[in-house]
Amino acid sequence: MMKVGDLVRDKRDNTVSLIIYKDSHGDVNAYRILNNDGTLTYASKDEIEKNCEIFQGYLCHSERQY
(Lines give C-alpha, C1' and ligand atoms only; values in the text may rest on other atoms or scores of the structure.)
Protein backbone atom coordinates (compact mmCIF):
# COMPACT_ATOMS: atom_id res chain seq x y z
CA MET A 1 0.00 0.00 0.00
CA MET A 2 1.28 3.47 -0.88
CA LYS A 3 1.63 6.10 1.85
CA VAL A 4 2.54 9.76 2.25
CA GLY A 5 6.26 10.26 1.72
CA ASP A 6 6.67 7.40 -0.76
CA LEU A 7 8.50 8.03 -4.00
CA VAL A 8 6.57 6.20 -6.69
CA ARG A 9 7.56 5.29 -10.23
CA ASP A 10 4.96 5.14 -12.97
CA LYS A 11 5.50 1.79 -14.70
CA ARG A 12 4.19 3.20 -17.99
CA ASP A 13 6.74 5.98 -18.51
CA ASN A 14 9.23 5.68 -15.60
CA THR A 15 8.44 9.11 -14.15
CA VAL A 16 9.02 9.46 -10.42
CA SER A 17 6.69 11.39 -8.12
CA LEU A 18 6.26 11.98 -4.39
CA ILE A 19 3.00 11.25 -2.56
CA ILE A 20 2.28 14.28 -0.36
CA TYR A 21 -1.33 13.55 0.65
CA LYS A 22 -3.58 10.51 0.77
CA ASP A 23 -7.33 10.50 1.41
CA SER A 24 -7.88 7.09 2.97
CA HIS A 25 -11.65 7.32 2.42
CA GLY A 26 -11.62 8.47 -1.20
CA ASP A 27 -11.16 6.69 -4.50
CA VAL A 28 -11.24 9.56 -7.00
CA ASN A 29 -8.44 12.10 -6.40
CA ALA A 30 -7.31 10.07 -3.39
CA TYR A 31 -3.64 10.98 -3.84
CA ARG A 32 -1.98 14.40 -4.12
CA ILE A 33 1.25 14.01 -6.07
CA LEU A 34 4.32 16.21 -6.47
CA ASN A 35 5.57 15.39 -9.94
CA ASN A 36 9.22 15.40 -10.99
CA ASP A 37 8.62 18.59 -13.02
CA GLY A 38 7.45 20.46 -9.89
CA THR A 39 3.71 20.37 -10.63
CA LEU A 40 1.07 19.20 -8.19
CA THR A 41 -1.69 16.88 -9.38
CA TYR A 42 -4.36 14.60 -8.00
CA ALA A 43 -4.51 10.93 -8.95
CA SER A 44 -7.08 8.25 -8.31
CA LYS A 45 -6.45 5.36 -5.97
CA ASP A 46 -6.88 2.98 -8.90
CA GLU A 47 -4.32 4.82 -11.06
CA ILE A 48 -1.64 4.96 -8.37
CA GLU A 49 -2.06 1.44 -7.03
CA LYS A 50 -2.24 -0.25 -10.45
CA ASN A 51 0.21 1.82 -12.51
CA CYS A 52 2.87 2.77 -9.95
CA GLU A 53 5.35 1.04 -7.69
CA ILE A 54 7.42 2.29 -4.79
CA PHE A 55 10.66 3.67 -6.18
CA GLN A 56 13.78 2.24 -4.54
CA GLY A 57 16.48 3.75 -6.70
CA TYR A 58 18.32 5.70 -3.99
CA LEU A 59 19.16 5.34 -0.33
CA CYS A 60 18.05 8.06 2.05
CA HIS A 61 20.90 10.00 3.66
CA SER A 62 20.33 8.26 7.00
CA GLU A 63 20.56 4.83 5.35
CA ARG A 64 23.94 5.32 3.65
CA GLN A 65 26.79 3.12 4.72
CA TYR A 66 30.05 4.95 5.47
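This passage walks through the strands, the loops and the nonpolar core of a predicted model.

The backbone of the story is an open sheet of five strands, laid out in the order β4-β3-β2-β1-β5, with antiparallel pairing. At the edges sit β4 (40-43) and β5, and each of these pairs on one side only. The strands do not line up exactly: on average, neighbours in this sheet are turned by 40 degrees against each other, direction ignored. As a general point, strands of a sheet pair through backbone hydrogen bonds, in either a parallel or an antiparallel way.

Going through the sheet pair by pair, strand β1 (residues 7-10) meets strand β2 (residues 16-22) in the antiparallel sense, with three bridges between them. One position to look at here is V8, which stands opposite S17 in β2. The two strands make a hairpin, with five residues separating β1 from β2. β1 is also joined to strand β5 (residues 52-54), again antiparallel and again by three bridges. In that pairing D10 faces C52, the latter belonging to β5. As for β2, five bridges tie it to strand β3 (residues 31-35), with the two running antiparallel. L18 and L34 stand opposite each other there, L34 being the β3 partner.

Two asparagines in the loops are worth a look for their backbone angles. N14 is found in the loop between β1 and β2, and its phi is near 65 degrees, which is positive even though the residue is not glycine. N29 does something along those lines in the loop between β2 and β3, with a positive phi near 55 degrees, and N29 is not glycine either. How exposed is N29? With 41% relative accessibility, N29 counts as partly exposed, because that class covers values between the 20% limit for buried and the 50% limit for exposed.

Then there is the packing. In soluble globular proteins, nonpolar side chains tend to end up buried together. The largest nonpolar core in this model has nine residues: M2, V8, I19, A30, Y31, I33, A43, I48 and C52. Two of its members have already come up in the strand pairings, namely V8, set against S17, and C52, set against D10. C52 has a fair list of partners once its neighbours within four places in sequence are set aside: M2, V8, R9, D10, K11 and E47 are all in contact with C52. Among those partners, M2 and V8 are listed in the core along with C52.

Conventions: Residues are numbered from 1 along each chain as its sequence is written. This is a predicted model: local features need pLDDT of at least 70, side-chain atom pairs count only at pLDDT 80 or more; totals for chains, interfaces and linings use all residues. Side-chain values use heavy atoms; hydrogens and water are left out. Two strands pair if DSSP finds at least two bridges between them. Helices (H or I, at least four residues) and strands (E, at least two) are DSSP runs, numbered from the N terminus. Axes are lines fitted to C-alpha atoms, for helices over the stretch in contact, and angles run from 0 to 180 degrees between N-to-C directions. A nonpolar core is a set of buried Ala, Val, Leu, Ile, Met, Phe, Trp, Tyr and Cys residues joined through side-chain atoms within 4.5 Å. Buried means under 20% relative accessible area, exposed over 50%, partly exposed in between (1.4 Å probe, protein chains only). Contact means heavy atoms within 4.5 Å.
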